[in-house]
Amino acid sequence: NYRLGAKDKEDKKNYDLSIDNFTKSLEYNNNDLETLLKLASVYIKDEEFGDAINQLEIIKENYPNNALSYYKMGLCKYKLFKYDDSVNAFQISVSLDPSQQTIHSFLNWDNDPNGGNSYYHLGKALYSTKGYDAATESLIQSLAIDNDHQQSFYYLGLSYKKNNDFDKAIMNLKNATELDNNDYDAYLELGKSYYESGKYQQANTSFNDVINIKESEDRIKSEANYFVGLCYYNLTAYSESIEAFTSAINLGGLIEDSLKFKYYYNRGLSFIKDSEDDLENPKYLEAQNDLVEALTLDDDNSDALYYLGIVYLRLGQYGDAVDEFKNALKFNNSNVSTHYHLGEAYFNLSRYNKAKDSAEAALKLDPNHSESHFQLGMAYLELGEKVSAFEKYKDLKKQDKNLADKLFDNIYK
């Protein structure tokens, strides 16, 4: 029965047969360590983690110093998202077998030589509990035992990335991609590490590797295109960023609203920037469409409301601009630019008192905001307060000579 169970555990279709045969074997010797361990292993393969834990508890009671049982318990607890319990089990496993010889022997029997030692799984569990320093130590220990374990490099890179040590993150994630050049998750995280360290060209190479891996899911390719768009945006290549964000949207499918918001929002910003660069071919209507779409997904996002206000301002729809800037201020009243541009919209509507109030609100937040000093001076002029306008000119002379000269010319034209 034991041998039949061992044979059947190789085929997913035969897990039930394997479990049945191992269980029958235990009828003759209900505390046989090897059978209990292998029955627990098949339960884990069959994702019956509760049944696996029941077998492992029997082992714990009868063989309290068995490192492999704690290893298997750690796997079960991790799969059940009980990360603290998982950490505890793997810590006991490594304390009972620091060299991990029993774990390696079992993994070879189970035809899973890359399954990872207890140090690896401990590091992975610690990563899931946000214990990144401890995860790093454990994963380094894993690589000291298994120096070409691809997933240990992967999680070590992630841990360094979480601690903002991007050079070490990049080094370890590169190792992970070299050991498995189809691991699109590793390429994606490598790209993110380059991106977060400001290395946009290198990041783009990694994200394009993700896109070119045939096995990559559309969801992953969509995210990679999104980051390609961000890289191009930071490189001021706005046409390319628009193209990449469009690919992200087209591949996104049924992604969560938070991601879809980012895709539309950032493409909208790219349309604005592209319009500012190419004044003869503005794309403000495209930007408007994207920002409106983004706001259907997150209607209280102050940044999206602000940029929609900017779009309306550029389109000369000043009333709509006022509405969007006021909406943005409901969610973030401390944005200097929003107050300033609200004043700009009011000024274009000849509502000079409102323009003055907005400029004053901006200057309360940032007394050195030169554009608001200029706007306030212009509002004073339109309200017939020439002396106050001249005072603003004197303030501006200390900050921005060009704007000061422009205000002076308006005062005395």
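Which residues are buried in helix 8? In this predicted model, the list runs through Ser118, Tyr119, Tyr120, His121, Leu122, Gly123, Lys124, Ala125, Leu126 and Tyr127. Put as a count, 10 of the 11 residues of helix 8 (residues 118–128) are buried, so the helix is largely enclosed by the rest of the structure. What surrounds these residues can be named as well: the buried residues of helix 8 pack against helix 5 (67–79), helix 6 (83–96), helix 7 (101–109), helix 9 (132–145) and helix 10 (150–162).

Helix 10 offers a good next stop, for Lys161 lies there. With a relative accessibility of 11%, Lys161 falls below the 20% cut-off and therefore counts as buried. Leaving out residues up to four places away in sequence, Lys161 touches Phe166, Ala169, Glu189, Lys192, Ser193 and Glu196. Lys161 can also be placed relative to Asn66: the two are 95 residues apart in sequence, and their C-alpha atoms are 35 Å apart in space.

Several of the residues touched by Lys161 turn up again where helix 11 meets helix 12, among them Phe166 and Glu189. The axes of helix 11 (residues 166–179) and helix 12 (residues 184–196) come within 9 Å and cross at roughly 160°. An angle over 145 degrees counts as roughly antiparallel, and helix 11 and helix 12 are therefore roughly antiparallel to each other. Their crossing is left-handed. On the side of helix 11, the contact is made by Phe166, Ala169, Ile170, Leu173, Lys174, Ala176 and Thr177. Helix 12 contributes Ala186, Tyr187, Glu189, Leu190, Ser193, Tyr194 and Glu196. Sorted by class, the residues of this contact comprise 9 nonpolar, 2 polar and 3 charged.

A second pair of helices makes a helpful companion to the one just described. The axes of helix 16 (residues 257–277) and helix 18 (residues 302–314) come within 11 Å and cross at roughly 30°. That angle makes helix 16 roughly parallel to helix 18. Here, too, the crossing is left-handed. Phe261, Tyr265, Leu269 and Ile272 of helix 16 make the contact with Asp303, Ala304, Tyr307 and Val311 of helix 18. By class, the residues of this contact divide into 7 nonpolar, no polar and 1 charged.

Charged side chains can also pair up with one another, and a search of the whole structure finds 16 salt bridges. One of them involves helix 16 again: the side chains of Arg267 and Asp290 meet in a salt bridge, with 2.6 Å from N to O. Arg267 lies in helix 16 and Asp290 in helix 17 (residues 284–297), so this pair ties together parts that are 23 residues apart in sequence. Are these two residues buried or exposed? Both Arg267 and Asp290 are buried.

Another salt bridge sits within a single helix. Lys394 pairs with Glu391, and their closest N and O atoms are 3.1 Å apart. Lys394 and Glu391 are 3 residues apart in helix 23 (residues 386–397), which means that about one helical turn separates them. The background is simple: an α-helix has 3.6 residues a turn, so residues three or four places apart point the same way. Lys394 is partly exposed, with a relative accessible area of 36%, and Glu391, at 37% relative accessibility, also counts as partly exposed. Elsewhere, salt bridges that share partners join Lys161, Glu189, Lys192, Glu196 and Glu223 into one network. The buried Lys161 of helix 10 thus returns here as a member of that network.

A further salt bridge links Glu217 with Arg219, where the closest N and O atoms are 3.4 Å apart. Glu217 counts as partly exposed at 37% relative accessibility, and Arg219 is partly exposed with a relative accessible area of 43%.

The last residue to visit is Asn225, which is found in helix 14 (residues 218–234). At 9% relative accessibility, Asn225 counts as buried. Which residues is Asn225 in contact with, leaving aside its neighbours within four places in sequence? They are Ile211, Ala244, Phe245, Ser247, Ala248 and Leu251.

Note on methods
Residues are numbered from 1 along each chain as its sequence is written. This is a predicted model: local features need pLDDT of at least 70, side-chain atom pairs count only at pLDDT 80 or more; totals for chains, interfaces and linings use all residues. Side-chain values use heavy atoms; hydrogens and water are left out. Axes are lines fitted to C-alpha atoms, for helices over the stretch in contact, and angles run from 0 to 180 degrees between N-to-C directions. Helices (H or I, at least four residues) and strands (E, at least two) are DSSP runs, numbered from the N terminus. Angles under 35 degrees count as roughly parallel, over 145 as roughly antiparallel, 65 to 115 as roughly perpendicular and the rest as oblique. A crossing is left-handed if the near helix is turned anticlockwise from the far one by less than a right angle, and right-handed if clockwise. Contact means heavy atoms within 4.5 Å. Ala, Val, Leu, Ile, Met, Phe, Trp, Tyr, Cys and Pro count as nonpolar, Asp, Glu, Lys and Arg as charged, and the others, Gly among them, as polar. A salt bridge is a side-chain nitrogen of Lys or Arg within 4 Å of a carboxyl oxygen of Asp or Glu. Buried means under 20% relative accessible area, exposed over 50%, partly exposed in between (1.4 Å probe, protein chains only).
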